[in-house]
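I opened a fresh page for this chain and wrote down what I looked up as I went. Have the viewer at hand and follow along.

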Amino acid sequence: MMELPICYYDARHKKLCPRCIRKLRNGEITEIDRDVSFVLAELEKTHPILSQNTKIEKIWKVENVYVLSVSKKTKKIFDQHPEIKKDLEEKLGGKVVIFPNFQQLKDRPEQALRAIFSGFPIMGIDQDYIYGYHRYTIRLKNAPTTSATTQDVTTTLEELKQLAQKLLNLEVTVNIVS
Ligand SMILES: [Zn+2]
């Protein structure tokens, strides 16, 4: 059985129980949590592996990107079965990124940034104070493995940077150190 931000039963029947309606009203869950949970329950039918200890903690939407905070085990399932994410993206009509235990990191900017940029060689994260707000600068190593696909990497980095800024409500700059 999947663990979702809403009850599993609700997700399967595309209808919220009084308890989840209350959660939605008081902001504990959002319409994004609800709608994506409906889609995930649907996806479970074609990808039965999702019924094995899948835990989706929270879902955010930033522009056209859906961010899923999942358990470590669930992240592994998604990594081993890329077709699940592909199907999810198709059904949602947007890009999906998956971070393990991200919900717990969201209020810890430095750790959250490390999670978001975990695919890149991070040398360090600096923080300074500019015009009254915090700015985070991520120093990335210009690894030879990434320079071959510079265009792709740049696009992805830029996308992740935008995502991090909006998701964490921070000013983020990325420095590639060669
Ligand atoms: Zn419910």
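The entries below go from the whole chain to the domains, the core, one helix and a few single residues.

**Entry 1: the whole chain.** I noted at the start that this is a predicted model. I counted the secondary structure and got 9 helices and 6 strands. Next I looked at overall dimensions: the C-alpha trace spans about 50 × 40 × 25 Å along its principal axes. How does the radius of gyration compare with that of a compact globule? For 178 residues the globule value would be near 16 Å, and the chain comes out at 18 Å, so the two agree. Buried residues account for 22% of the 178. I also looked at the contacts between residues at least 6 apart in sequence, and 58% of them join residues at least 24 apart.

**Entry 2: two domains.** The domain assignment splits the chain into domain 1 (8-102) and domain 2 (107-177). I found their C-alpha centres 25 Å apart. How many residues meet across the boundary? I have 6 residues of domain 1 in contact with 6 residues of domain 2. On the domain 1 side, β1 and β2 each give at least two of the touching residues. I sorted that side by residue type and got 6 nonpolar, no polar and no charged.

**Entry 3: the core.** I turned to the largest nonpolar core, which has 31 residues. Which members touch the most others? They are I59, L68 and L113. I then listed the elements that supply at least two core residues each: the helices are α3 (31-46), α5 (82-92), α7 (109-116) and α9 (150-168), and the strands are β1 (56-62), β2 (65-70) and β5 (133-141). Both domains take part, with at least three core residues from each. A reminder to myself: in soluble globular proteins, nonpolar side chains tend to be buried together. I followed L113 a little further and, setting aside neighbours within four places in sequence, found it in contact with I125, Y136, I138 and A164.

**Entry 4: helix α3.** I checked the length of α3 next. Its 16 residues reach 24 Å from first C-alpha to last, close to the 22 Å expected at 1.5 Å a residue. Which of its residues are buried? My list for α3 reads D33, R34, V36, S37, F38, L40, A41 and E44, so charged names such as D33 and R34 sit in it alongside nonpolar ones such as V36 and F38. The buried residues of α3 pack against α1 (8-13), α2 (18-25), β1, β2 and α5.

**Entry 5: two positive phi angles.** Most residues other than glycine have a negative phi, and I found two exceptions worth a note. N53 is not a glycine, yet has a positive phi of about 55°. N53 lies in the loop between α3 and β1, and counts as partly exposed because it has 13 C-beta neighbours inside 10 Å. E63 also has a positive phi, near 50°. I located E63 in the loop between β1 and β2. Is E63 buried or exposed? With 10 C-beta neighbours inside 10 Å, E63 counts as exposed.

**Entry 6: K86.** My last stop was K86, in helix α5. K86 has 11 C-beta neighbours inside 10 Å and therefore counts as exposed. I also took one distance: the C-alpha atoms of K86 and V96 are separated by 8.4 Å, with the two residues 10 apart along the chain.

Notes
Residues numbered from 1 in each chain as written. Predicted model: local features only at pLDDT ≥ 70, side-chain atom pairs only at ≥ 80, totals over all residues. Core = buried A, V, L, I, M, F, W, Y, C linked by C-beta atoms within 7 Å. Buried ≥ 20, exposed ≤ 12 C-beta atoms within 10 Å, placed from the backbone. Helix = DSSP H or I, 4+ residues; strand = E, 2+ residues; numbered from the N terminus. Domains from an automatic or database assignment. Contact = placed C-beta atoms within 7 Å. Expected span 1.5 Å × (residues − 1). Rg over C-alpha atoms; globule rule 2.2 N^0.38 Å.
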